[in-house]
Amino acid sequence: MDEQFILRVPPSVAERIDRLLSEISSSEDKLDLSFSEDGKTGSFVIGDEHFPASLLNLPCIVESYKTYDDNVLIKSADIGQMIMVREEGDPAPDVVEYRHGLTPPMRDARRRRFQREPDLNPELVRRVEKDLQNIMSGGTAENIDIEVVEQEEGGEANARHVNKKVTQPATKPDISEPGTAGEDPDRTESEDSDDSI
């Protein structure tokens, strides 16, 4: 794959680059791009003019394609960074991550398209972790909210919600084994079997 980058320049510089590329290399203007030691800031030179430049990360990867016959597209690179050339008086970007994408729908993409991590209360995380460990070890959760939903007569879907605060864990009900004291005394084993076959 090729190594590619996006070069974003001011309109006046874009016109000069377009003229330079369309001529048959007899122009005196030269193009040069050099970076400082940090690799994020540098200077762009066209002719005798120097412009400040910055290397910025795009909010998402952009694929570039090339074609030889205007029918078949061949992917040539993934582009994740952009070199932004500024006018001399323009302020330098204070972040390495560029807020916007390359097209109008990706304007302010870092804020609109990618969510921030939620702010979690560390005490809440510890309490939930403790409750999960209790549940996995066979116990019950502590300090939980119980919501009781009762259906009203007439089959309507309206429900009445009652919130209760439980301070102690609920005890497990005793489950009796089949054939012990928990059975119905009037029923016998012969009534359970089906001998009609």
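The exercises below work through a predicted model of one protein chain, each with a solution in steps.

Residues are numbered from 1 along each chain as its sequence is written. In this predicted model, local features need pLDDT of at least 70 and side-chain atom pairs count only at pLDDT 80 or more, while totals for chains, interfaces and linings use all residues, and side-chain values use heavy atoms, with hydrogens and water left out.

**Exercise 1. The chain as a whole**

Task: State how many helices and strands the protein chain has, and give their order.

Solution.
Step 1. Helices (H or I, at least four residues) and strands (E, at least two) are DSSP runs, numbered from the N terminus.
Step 2. Under this rule the protein chain has four helices and seven strands.
Step 3. Read from the N terminus, the order is β-α-β-β-β-β-α-α-β-β-α.
Step 4. For burial, use these cut-offs: buried is under 20% relative accessible area, exposed is over 50%, and partly exposed is in between (1.4 Å probe, protein chains only). Of the 197 residues in the protein chain, 18% are buried.
Step 5. Accessible areas come from the Shrake-Rupley method with a 1.4 Å probe, and for residues only the protein chains shown count as cover. The protein chain has an accessible surface of about 16,300 Å², and carbon and sulfur atoms hold 50% of it.
Step 6. A contact means heavy atoms within 4.5 Å. Of the contacts between residues at least 6 apart in sequence, 47% join residues at least 24 apart.

**Exercise 2. Two hairpins**

Task: Describe how strand 3 pairs with strand 2 and with strand 4.

Solution.
Step 1. Two strands pair if DSSP finds at least two bridges between them.
Step 2. Strand 2 (residues 31-35) and strand 3 (residues 41-46) are antiparallel and share five bridges. Leu33 has Phe44 of strand 3 as its bridge partner, and Ser34 stands opposite Ser43.
Step 3. These two strands form a hairpin with five residues between them, and Gly39 in the turn has a positive phi of about 80°. Gly39 is partly exposed, at 28% relative accessibility. Its C-alpha atom is 8.8 Å from that of Ser54, 15 residues away in sequence.
Step 4. Strand 3 also runs antiparallel to strand 4 (residues 49-66), joined by six bridges. Val45 is paired with His50 of strand 4.
Step 5. Strand 3 and strand 4 form a hairpin with two residues between them, and Gly47 in the turn has a positive phi of about 65°.

**Exercise 3. Two strand residues**

Task: Find which residues Thr41 and Gln81 touch, leaving out those up to four places away in sequence.

Solution.
Step 1. Thr41 is in strand 3 and is partly exposed, at 36% relative accessibility.
Step 2. Thr41 touches Phe35, Ser36 and Ala53. The C-alpha atoms of Thr41 and Ala92 are 9.1 Å apart, with their positions 51 residues apart along the chain.
Step 3. Gln81 is in strand 5 and is partly exposed, with a relative accessible area of 32%.
Step 4. The residues that Gln81 touches are Phe5, Ile6, Lys40, Leu55, Leu56, Asn57 and Leu58.

**Exercise 4. Positive phi outside glycine**

Task: Is Asp70 buried or exposed, and is Asp108 buried or exposed?

Solution.
Step 1. Most residues other than glycine have a negative phi.
Step 2. Asp70 has a positive phi of about 60° and is found in the loop between strand 4 and strand 5 (74-85). Its relative accessible area is 70%, so Asp70 is exposed.
Step 3. Asp108 has a positive phi near 55° and lies in the loop between strand 5 and helix 2 (109-112). Its relative accessible area is 10%, so Asp108 is buried.

**Exercise 5. The largest pocket**

Task: Give the volume of the largest pocket and sort its lining.

Solution.
Step 1. On a 1 Å grid over the protein atoms alone, a pocket is an open set of points where a 1.4 Å probe fits, with protein on both sides within 12 Å along at least five of seven lines; lining residues have an atom within 4 Å of a point.
Step 2. Grid points are joined across faces, edges and corners, and a volume is the space filled by probe spheres set on the points. The largest pocket has a volume of about 240 Å³.
Step 3. The lining consists of Leu56, Met84, Arg86, Asp90, Pro91, Pro93, Asp94, Val95, Glu97, Tyr98, Arg99 and His100.
Step 4. Ala, Val, Leu, Ile, Met, Phe, Trp, Tyr, Cys and Pro count as nonpolar, Asp, Glu, Lys and Arg as charged, and the others, Gly among them, as polar. Sorted this way, the lining has six nonpolar residues, one polar and five charged.
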